[in-house]
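Biologist: Good morning. May we go through this structure together, one region at a time?
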Amino acid sequence: MALDNTPQPLATSRDPHAGAVAGLVVGALGVVFGDIGTSPLYALRESFRHGLDPTPEHVLGVLSVTFWAITLTVTVKYVTLIMRADNRGEGGVLALATLATRGLNGTNRRVRRGITVLAVIGLALFYGDAMITPAISVMGAVEGLSTVAPGLTPLVVPLSLVILIGLFLLQARGTADVGRMFGPVMLVWFIVLGALGAWQIAKHPAVLEAVNPIYAVRVIADQGLGIFWAFGSIVLAVTGAEALYADMGHFGRRPIRLAWLGLVMPGLLLNYFGQGAMIIANPGSVHQVFFELVPQDFVIALVILSTLATIIASQAVITGVFSLTRQAIQLGYLPRMEILHTSETAIGQIYIPRVNWLLMGGVVALVVGFGSSGALAGAYGLAVTGAMLVDATLASAVAILVWRWRWQTAILVFGLLAIPDLAFFIANALKIPDGGWLPLLVAGLVYYTITTWRRGRRIVAQELSEGALPLRQFLERMERVPDRVAGTAVFLTADASRTPSAFLHNLKHNKVLHERIIILQVETMEVPLVAETNRVEVERLGKGFYTVIARYGFTEQPDIPDVLRACRQHGIAYDEMETSFFLGRETLVAGQHPKISRWRREWFISLSHSASATKTFFRIPPNRAIELGNQIQI
């Protein structure tokens, strides 16, 4: 049966009218640009904390590096090039990997495996970055209180904890109501950023000379290898660039590009140059230069606005973690977890309790352990720059395999654009003793978890398939049909062509068959959404047996009762009260000849025990579900 896996229309596939585009642009401001938009709070300040004196020459040099980093890394690499690579409207590292593998033929197993490894590394680095962003952003804003009165400094950590814990506690309520406020607040934020910067530039217009790359070359030549310490902080100005691509599916390519080029980039650059002008005029202001941009009477107002902006940035990161975790679960990278939908109309508004509490615990530990945004800056950046290098590598593969560029052209273009990323990565590697180990540790744990889970599930699948009889062969051998009982029995399986172990156990112990037997396989496609017309594929096997293959995109939540309702048009009657769901439940035990190392085996068994129940994940009515055990040695 030929399938058209074209998803239901996304924002990227429409040609919206001007009003719709304007709404999407404002919405993108509140979600896509939160991380990079709050970088002015600390990026330039941190660049002068590692041996670089705030002299006019150094200020112009740092501004020049910042300007060209934003231009090349964000505007050219992400906004212009990588955003062309969308997987049916979706972006992110998984989309890049999916596009790259789609361009391969079946014989390139080594290349395919390399792309998968890069995707897993990118996922792991994303989690390492996501834990730090809320902590450093909120603390960077609240630290503005010390500008108002140094005596308020001891309140920074407690107040940051209150804000962050409150934010995590509100996640279960959903983001729909708060989300309506995000865009307008960030619109005001970027306008204020630009206005404050322009005000200072008007006083010292000579600072605009930093656009000339010669100043970047001079400061690099002057500092030699020591410039890498400054690079480790300058990179904070481009953190969040990958969010422009990762969130493309929510708003579309055009609104994100319009928002970046029309407001966000000008606002950020004006503010950075305004901060530079302030430092040149008053070198002592470098310690809290962002809050020095306004008169003392307006600092409190700027602290409040900054705190709102960082809360929005943190919310965007948390939402991104939920979204990417769901994709990872659907694609088999992570064990199943409880996923709650907080909106009846918006598929992207979800809440994953386990991830929320793990993330909150990590963020609270960071705030208490590091105590300031300056201390956290040492831990920030390594995961981001690593993820950018992964994106550049996968984008070059997409250019060769999908866009059909000559490999020399792809390597030249993305190789040149990866040079700043590599320089920033090396610079942040120097900060490993000062906290850079933290995102590496988190990313390492996530990578170990993902690879352990994928390897363990492959072993389990092999064990199940080796002892399973092909379904058609089983039906041919079934000479005497056992007693039939009224109703429908649904057996979930990973492979509808084979006889499920749960079915054999039920037949062995109960010695009866239902009048209708449905062997149901849920398949996750490498597209974000599957059209309803392609949701189910039904095949009649005779003797009351049917196979049903339900297809979902990696951003969708499987719903088995909904699948069975869709089967009615294929001639299968579905009555929930007349249907029983039989689920296999594997009990994992250590075998005499382990197929996996001891530590991985124990971790995989633990992950399996912690996975959400099949009936919960697939929305099967609990009072209609029957679980049948099966012991598997690994």
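Biologist: In which loop is arginine 619 found?
Modeller: Please note at the outset that this is a predicted model. Arginine 619 sits in the loop between helix H25 (614-617) and S8.

Biologist: What is its backbone like there, that is, what is the phi of arginine 619?
Modeller: Phi of arginine 619 is near 60°, a positive value in a residue other than glycine. As background, most residues other than glycine have a negative phi.

Biologist: Is arginine 619 buried or exposed?
Modeller: Neither label fits: arginine 619 is partly exposed, as its relative accessible area is 37%.

Biologist: And lysine 511, where is that one found?
Modeller: Lysine 511 belongs to the loop between helix H22 (501-510) and S4. Its phi is near 55°, which is again a positive value in a residue other than glycine. Lysine 511 is exposed, because its relative accessible area of 57% is over the 50% cut-off.

Biologist: Both loops lead to strands, so let us turn to the sheet. What is the order of its strands?
Modeller: The order is S5-S6-S4-S3-S7-S8, in an open sheet of 6 strands with mixed pairing.

Biologist: Which strands stand at the edges?
Modeller: Strand S5 (536-542) and strand S8 (625-633) do. Each has a single partner strand, so one side of each has no neighbour in the sheet.

Biologist: By how much are neighbouring strands turned against each other on average?
Modeller: The average is 25°, with direction ignored.

Biologist: Let us begin at the S5 edge. In which sense do S5 and S6 pair, parallel or antiparallel?
Modeller: Antiparallel, over 6 bridges. Glycine 542 has phenylalanine 545 in S6 as its bridge partner. The hairpin of S5 and S6 has 2 residues between the strands, and lysine 543 in this hairpin takes a positive phi near 60°.

Biologist: How do S4 and S6 pair?
Modeller: Strand S4 (residues 512-524) and strand S6 (residues 545-552) are paired in the parallel sense over 8 bridges. Glutamate 523 has arginine 551 in S6 as its bridge partner.

Biologist: How many bridges join S3 and S7?
Modeller: Strand S3 (residues 483-493) and strand S7 (residues 579-589) pair over 4 bridges, in the parallel sense. There, alanine 489 is opposite serine 580 in S7.

Biologist: And what about S7 and S8?
Modeller: S7 and S8 form a parallel pairing over 9 bridges. Arginine 585 faces glycine 629 in S8 across this pairing.

Biologist: Now the helices, please. At what angle do H6 and H15 pack?
Modeller: Helix H6 (residues 109-142) and helix H15 (residues 299-330) pack at about 165°, and their axes are 8 Å apart. That angle makes H6 roughly antiparallel to H15. The crossing of the two, H6 and H15, is left-handed.

Biologist: Which residues meet in that contact?
Modeller: On the H6 side they include Leu123, Phe126, Tyr127 and Ala130, and on the H15 side they include Val303, Ser306, Thr307 and Thr310. The residues of the contact of H6 with H15 divide into 13 nonpolar, 8 polar and no charged.

Biologist: Where does glycine 114 lie?
Modeller: Glycine 114 lies in helix H6. Glycine 114 is partly exposed, with a relative accessible area of 30%. From alanine 97 it is 17 residues away in sequence and 9.8 Å away in space, C-alpha to C-alpha.

Biologist: How do H8 and H16 pack?
Modeller: The angle between helix H8 (residues 156-169) and helix H16 (residues 353-370) is about 175°, and their axes lie 10 Å apart. H8 and H16 are therefore roughly antiparallel to each other. Among the residues in contact are Leu161, Leu164 and Phe168 of H8, and Trp357, Met360 and Val364 of H16. The residues of the contact of H8 with H16 divide into 13 nonpolar, 2 polar and no charged.

Biologist: One last topic. How many residues of helix H11 are buried?
Modeller: In helix H11 (residues 227-234), 7 of the 8 residues are buried, so this helix is largely enclosed by the rest of the structure. Ile227, Phe228 and Phe231 are among the buried residues.

Biologist: Which helices do the buried residues of H11 pack against?
Modeller: They pack against helix H3 (43-47), helix H4 (56-81), helix H10 (214-223) and helix H19 (407-429).

Definitions and conventions. Residues are numbered from 1 along each chain as its sequence is written. This is a predicted model: local features need pLDDT of at least 70, side-chain atom pairs count only at pLDDT 80 or more; totals for chains, interfaces and linings use all residues. Side-chain values use heavy atoms; hydrogens and water are left out. Axes are lines fitted to C-alpha atoms, for helices over the stretch in contact, and angles run from 0 to 180 degrees between N-to-C directions. Angles under 35 degrees count as roughly parallel, over 145 as roughly antiparallel, 65 to 115 as roughly perpendicular and the rest as oblique. A crossing is left-handed if the near helix is turned anticlockwise from the far one by less than a right angle, and right-handed if clockwise. Contact means heavy atoms within 4.5 Å. Ala, Val, Leu, Ile, Met, Phe, Trp, Tyr, Cys and Pro count as nonpolar, Asp, Glu, Lys and Arg as charged, and the others, Gly among them, as polar. Two strands pair if DSSP finds at least two bridges between them. Buried means under 20% relative accessible area, exposed over 50%, partly exposed in between (1.4 Å probe, protein chains only).
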